[in-house]
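This report describes how aromatic rings, charged side chains and nonpolar cores are arranged in one protein chain. The structure is shown first, and the description follows.

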Amino acid sequence: MADVSDPKIDEAYQDVRSDKTETNWLLLDYESDRSDKLQLTATGTGGLAELREALDDSHASFAYVRVQYANDKESKREKFIVVVWIGPGCKIMRRAKISVHAADVKSILRAYSIEVPAREKGDLEEEPIIVRLRKAGGASYDGV
């Protein structure tokens, strides 16, 4: 079981969800290689591109991201995603635990449209994620 009790995690979650702030992502990492305690390690305003730069190839991490996209010239949508990052250099035991810990993390980062599993930074390109969000949203007026 992952320890997600750090109050900074919930504060950052509320910040990403708020329309009153520019913060649009947060990153959770394990306190140490042997610990199951997650801590807030970064937040940002630069979306998926900035998040990709913050990810460490040797870590397993979780992220929560607000993604904004337009369906047409008149409308904008904001949806939230949970990213489960397992870097290519992540240790085997951490990889084994991440799927079990994901349920604990999603109990805290509870309002999201899709989960995005990422094994390399290219898995977090914005366009494919927006296509998935449109499909998950049900109504698509642009043939996607």
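In this predicted model, the charged end of Arg17 is placed over the ring of Phe80, at 4.3 Å from the ring centre. A second arrangement of this kind involves Arg94, whose charged end sits over the ring of Tyr30, 3.6 Å from its centre.

**Aromatic pairs**

Phe80 also takes part in ring pairing, with Tyr64 as its partner. Two aromatic pairs are counted in the model. A pair of aromatic rings is described by the distance of the centres and the angle of the planes. These values are given in the table.

| Ring pair | Distance of centres | Angle of planes | Class |
|---|---|---|---|
| Tyr13 and Tyr64 | 5.0 Å | 50° | tilted |
| Tyr64 and Phe80 | 5.5 Å | 10° | stacked |

The Tyr13–Tyr64 pair is tilted because its planes stand at 50°, between the cut-offs of 30 degrees for stacked and 60 for edge-to-face. Tyr13 belongs to helix H1 and Tyr64 to strand E3, so this pair ties together parts that lie 51 residues apart in sequence. Tyr13 and Tyr64 are buried.

The planes of Tyr64 and Phe80 are at 10°, so this pair is stacked. Here the link runs between distant parts of the chain, from Tyr64 in strand E3 to Phe80 in strand E4, 16 residues apart. Phe80 is buried, as is Tyr64. Through these ring pairs, Tyr13, Tyr64 and Phe80 form a cluster.

**Nonpolar cores**

Tyr64 also appears in the largest nonpolar core, which has 22 residues. Together with Leu26, Leu28, Leu38, Phe62 and Leu109, Tyr64 touches the most other members of this core. At least two core residues come from each of helix H1 (7-17), strand E1 (25-30), strand E3 (60-72), strand E4 (75-86) and helix H3 (92-108).

What is Leu28 in contact with, leaving aside its neighbours within four places in sequence? Its partners are Ile9, Leu38, Gln39, Leu40, Thr41, Ser61, Phe62, Val105 and Leu109. Among these partners, Leu38, Phe62 and Leu109 are also named with Leu28 as touching the most other core members.

A separate, second core contains 19 residues, including Leu27, Leu48, Leu51 and Val67.

**Annotated domain**

UniProt, in an unreviewed entry, lists residues 1-134 as "domain: ADF-H". Over residues 1-134, helix accounts for 34% of the chain and strand for 32%. The end C-alpha atoms of residues 1-134 are 33 Å apart.

How values were computed. Residues numbered from 1 in each chain as written. Predicted model: local features only at pLDDT ≥ 70, side-chain atom pairs only at ≥ 80, totals over all residues. Heavy atoms only, no water. Core = buried A, V, L, I, M, F, W, Y, C linked by side-chain atoms within 4.5 Å. Buried < 20%, exposed > 50% of the residue type's maximum accessible area, 1.4 Å probe, protein only. Helix = DSSP H or I, 4+ residues; strand = E, 2+ residues; numbered from the N terminus. Contact = heavy atoms within 4.5 Å. UniProt positions renumbered as here; feature names shortened; annotations may be inferred. Phe/Tyr/Trp six-rings, centres within 6.5 Å; stacked < 30°, edge-to-face > 60°. Lys NZ or Arg CZ within 6 Å of the ring centre and 35° of its normal.
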